[in-house]
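Subject: Handover of a structural model

Dear colleague,

Please find below the structure that I am handing over to you. My findings follow directly after it.

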Amino acid sequence: MYHEELSQRISSELSGHHKKAMLLWILDPAGRDATVLREALSGDTMDLRAATEIICSRTPSQLQIMKQTYLARFGTYLEHDIGHHTSGDHQKILLAYVGIPRYEGPEVDPTIVTHDAKDLYKAGEKRLGTDEKTFIRIFTERSWAHIASVSSAYHHMYDRKLEKVIKSETSGNFAFALLTILRCAENPAKYFAKVLRNAMKGLGTDDKTLIRVVVTRTEIDMLYIKAEYFKKYKKPLAEAINSETSGNYRTFLLSLVGHGH
């Protein structure tokens, strides 16, 4: 009707964080993820943690659509950009995670769960050094329900939390990828409540993270994130956002999150 893109109009009318959030919001869910990823995997705005979070917290079907959107929007394969900007085990786990179709249902096979827990024990705590390949295989080939079961089986069998094992056996972005997969397998809303909390606690606010999480999760699990946030931090998420932001940016984020808890 108006012979210009809405995004261009928004770009010239708004500024700062409000503009950033709004430009992300007008896209479809896969478009938002693709856009955040592209930015996180680009030279001057490189943010490998954000890229890892987006990839490792999404379902296989979300990743499928997002890969197609990425290629259509940016004319390059997501795998190519991951390969170009990451390295080592971090690169291996991300490429496997976006490449392998995983089961998304709730059923698990207890025999395989026990077997995987044993394999992780042998690959980590039981030996000197770490067999990263085993961690990568299990964390990228198994469903979320399965990984959550492996986590509780591990705790039951070896009296140690799998999260602790990952922290002591691996490090850096590779550890961050494993932990993101594990936490999202167990409880994605709790995971994002913590990401939001970290973005807002202490001095200053990590607005990039705040925008990324609020805008990409609003249509997915924001109600659950709000509940988890309130449960853990005894304060409504909206109240935290209200005190950390201002102006139209604040109004916009609060309109997405909704008031109450």
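Are R58 and D33 buried or exposed? Both R58 and D33 are buried. Please keep in mind for this and for everything that follows that the model is a predicted one.

Overall form

The protein chain contains 17 helices and zero strands. Along the principal axes, its C-alpha atoms occupy a box of roughly 60 × 45 × 35 Å. A compact globule with 261 residues would have a radius of gyration near 18 Å, and the 19 Å found for the protein chain agrees with that. Of the 261 residues, 46% are buried.

One helix deserves a separate word with regard to burial. Helix α4, which spans residues 48–56, is mostly covered, with eight of its nine residues buried. These buried residues are L48, A50, A51, T52, E53, I54, I55 and C56.

Salt bridges

Side chains of opposite charge can pair when their charged atoms come close. In this model the count comes to 18 salt bridges. Three pairs and one network are described here.

The opening pair is one of them: R58 and D33 form a salt bridge in which the closest N and O atoms are 2.8 Å apart. This pair links distant parts of the chain, since R58 sits in the loop between α4 and α5 (60–74) while D33 belongs to helix α3 (residues 29–40), 25 residues apart. D33 has a relative accessibility of 7% and therefore counts as buried, the limit being under 20%. A further distance concerns D33: its C-alpha atom is separated by 13 Å from that of A72, and the two residues are 39 residues apart along the chain.

A second salt bridge joins R38 to D81, with 2.7 Å between the closest N and O atoms. Because R38 lies in helix α3 and D81 in helix α6 (residues 78–85), the pair ties together parts that are 43 residues apart in sequence. The two partners are covered to unlike degrees. R38 counts as partly exposed, at 27% relative accessibility, whereas D81, at 7%, counts as buried. Helix α3 thus holds D33 as well as R38.

The third pair is R160 and E125, whose side chains meet in a salt bridge at 2.6 Å, N to O. Here too distant parts of the chain are linked: R160 is in the loop between α10 and α11, and E125 is in the loop between α8 (110–123) and α9 (132–141), 35 residues apart. R160 is partly exposed at 28% relative accessibility, and E125 is partly exposed at 27%.

In addition, E4, R9 and E13 are linked in a network of salt bridges.

Charged surface

Which residues form the positive surface patch? The patch is made up of K161, K164, K190, K194, K201 and K232. Of these, K161 is placed in the loop between α10 (144–158) and α11 (162–169). The loop between α10 and α11 also carries R160. K161 has a relative accessible area of 48% and is partly exposed. As patch members must have over 30% relative accessible area, K161 meets that condition at 48%.

Backbone points to inspect

Two residues have a positive phi without being glycine. H3 has a phi of about 55° although it is not a glycine. H3 lies in the segment before α1 (6–13) and counts as exposed, at 82% relative accessibility. K234 likewise has a positive phi of about 55° and is not a glycine. K234 is located in the loop between α15 (222–233) and α16 (237–244), and with a relative accessible area of 65% it is exposed.

One more pair of positions

G99 is found in helix α7 (residues 88–99). At 45% relative accessibility, G99 counts as partly exposed. The C-alpha atoms of G99 and R137 are separated by 12 Å, while the two residues are 38 residues apart along the chain.

With kind regards

How values were computed:
Residues numbered from 1 in each chain as written. Predicted model: local features only at pLDDT ≥ 70, side-chain atom pairs only at ≥ 80, totals over all residues. Heavy atoms only, no water. Buried < 20%, exposed > 50% of the residue type's maximum accessible area, 1.4 Å probe, protein only. Helix = DSSP H or I, 4+ residues; strand = E, 2+ residues; numbered from the N terminus. Patch = residues over 30% accessible without salt bridge, like charges linked within 9 Å, V, L, I, M, F, W, Y side chains within 5 Å. Areas by Shrake-Rupley, 256 points an atom, 1.4 Å probe, with all protein chains shown as cover. Salt bridge = Lys/Arg side-chain N within 4 Å of Asp/Glu carboxyl O. Lys, Arg positive; Asp, Glu negative; His and termini not counted. Charge placed at Lys NZ, Arg CZ, Asp CG, Glu CD. Rg over C-alpha atoms; globule rule 2.2 N^0.38 Å.
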